[in-house]
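This report describes the fold of one protein chain. It begins with a single helix and then widens to the whole model.

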Amino acid sequence: MLFPIDAPWYVYLAMPFVIFGRYFLLCSWLFGLFYLWKQRQWLFRKIQQRFPKRSDYRRELGYSALTALIFGLVVALCLGTPLRAYTTVYTDVSEYGIPYLILSVVLILFLHDSYFYWMHRLMHHPKVYRHVHLVHHKSVNPSPWAAYAFHPLEAVVEAGILPLVLFTLPVHPIAMISFITIMLWFNVYGHLGYELFPAWVYEHPLGRWLNSGVYHNLHHERFHGNYSLYFTCWDRWMGTLRTDSADKVAEVQQNIHQHKAKPCSTPSSAAVADSSPT
Ligand SMILES: [Zn+2]
Ligand SMILES: [Zn+2]
């Protein structure tokens, strides 16, 4: 069963654990790879040339567990209660066809991108920021564990995209799972702290509309601008794409380029010394 759409209500009690388990497995793997095993070798791809403290990782993981619980409960509320009768979920692919199935994932991503951008702008309102969004911004130099590190109130608002999709768009479980998977991966990539994109993506006519780990890292480092999630559309249209984004991309890409030109080079001892978790 891909998605327990017709399961009894108690099956949905497992949702928080499923959502946390997916997040934990992905982040453990990436943390082990980038922050432990390859920390020195891949330092040339690090966006900020230092590493968070152990206490940062613990805080991020704790809030992320709480967020996973809230996301899971929202899914359980939508699908594991009588509310399920009002959802627009369909289970027979032939009802809308395969082209719509693919299109629906793209539609959901654009819908979520808009939802996230405006919700994020709201979170930066001075009255909201101090009490709610500050939790996420304690990660000035984020790690993958920061992907779900939200204040519980923000987690509730973030989870709002789930009922918005489930009660408005005809959505197949495959499309929903694809969306949730892309959301998780992109979110974790945005907080990874390492640049994975090659330079050409930023110059490509389509690639320039894609959000990147460098852009979101800059948002954490400087607190303002670069509010988008998947795409840069809203930031470009609303004039909130940070003007120093291009410089930061150039700086990181220059580090990568220099490292590739000298494959035997090792990171500076000072940078590595600073990098030890404390
Ligand atoms: Zn923010
Ligand atoms: Zn963030």
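## Helix α11 and its surroundings

Helix α11 covers residues 245–261, and at 1.5 Å a residue its 17 residues should span 24 Å; the C-alpha atoms at its ends are 24 Å apart, so expectation and model agree. The model is a predicted one. Within α11, the buried residues are Lys248, Val249 and Val252. Viewed down the helix axis, these buried residues fall within an arc of 100 degrees, and therefore they line one face of α11. An α-helix has 3.6 residues a turn, so residues three or four places apart point the same way. On the face of α11 turned away from the buried side are the exposed residues Ala246, Asp247, Gln254, His257, Gln258 and Ala261. The packing partners of the buried residues of α11 are α8 (199–203) and α9 (213–222).

## Helix α7

A similar description can be given for helix α7. Its 19 residues reach 27 Å from the first C-alpha to the last, close to the 27 Å expected at 1.5 Å a residue. The buried residues in α7 are Ala175, Met176, Phe179, Asn187, Val188, Gly190 and His191. They pack against α1, α3 (98–123) and α9. Just after α7 comes Gly193, which takes a positive phi of about 90 degrees.

The table sets out the two helices described so far.

| Helix | Number of residues | Distance between end C-alpha atoms | Packing partners of buried residues |
|---|---|---|---|
| α11 | 17 residues | 24 Å | α8 and α9 |
| α7 | 19 residues | 27 Å | α1, α3 and α9 |

## The whole protein

How many helices and strands are there in the protein? There are 12 helices and zero strands, and the pattern along the sequence reads α-α-α-α-α-α-α-α-α-α-α-α. For 278 residues, a compact globule would have a radius of gyration near 19 Å; the protein has 20 Å, which agrees. Along the principal axes, the C-alpha atoms fill a box of roughly 60 × 40 × 40 Å. Of the 278 residues, 33% count as buried. Among contacts between residues at least 6 apart in sequence, 76% join residues at least 24 apart.

## The nonpolar cores

Which residues have the most contacts inside the largest nonpolar core? They are Phe71 and Val75, in a core of 44 residues. At least two residues of this core come from each of α1 (15–37), α2 (54–79), α6 (161–166), α7 (173–191), α9 and α11. Helix α2 gives the most to the core, with nine residues. Leaving aside neighbours within four places in sequence, Val75 is in contact with Tyr12, Met15 and Leu162. Apart from this core lies another, of five residues, among them Phe116, Tyr117, Leu229 and Trp234.

Leu229 also takes part in a second comparison, with Ser114 of helix α3. Is Ser114 partly exposed or buried? Ser114 is partly exposed, because 16 other C-beta atoms lie within 10 Å, whereas a buried residue has 20 or more. Although Ser114 and Leu229 are 115 residues apart along the chain, their C-alpha atoms are separated by 8.7 Å.

## Confidence in the prediction

The mean pLDDT of the protein is 90, and 92% of its residues reach 70 or more. Over residues 266–278, however, the pLDDT is below 50. Beyond near neighbours in sequence, this stretch has 17 contacts in the model.

Note on methods: Residues numbered from 1 in each chain as written. Chains lettered and ligands numbered in written order. Predicted model: local features only at pLDDT ≥ 70, side-chain atom pairs only at ≥ 80, totals over all residues. Helix = DSSP H or I, 4+ residues; strand = E, 2+ residues; numbered from the N terminus. Expected span 1.5 Å × (residues − 1). Buried ≥ 20, exposed ≤ 12 C-beta atoms within 10 Å, placed from the backbone. Arc of directions from axis to C-beta. Contact = placed C-beta atoms within 7 Å. Rg over C-alpha atoms; globule rule 2.2 N^0.38 Å. Core = buried A, V, L, I, M, F, W, Y, C linked by C-beta atoms within 7 Å. pLDDT = per-residue confidence, 0-100.
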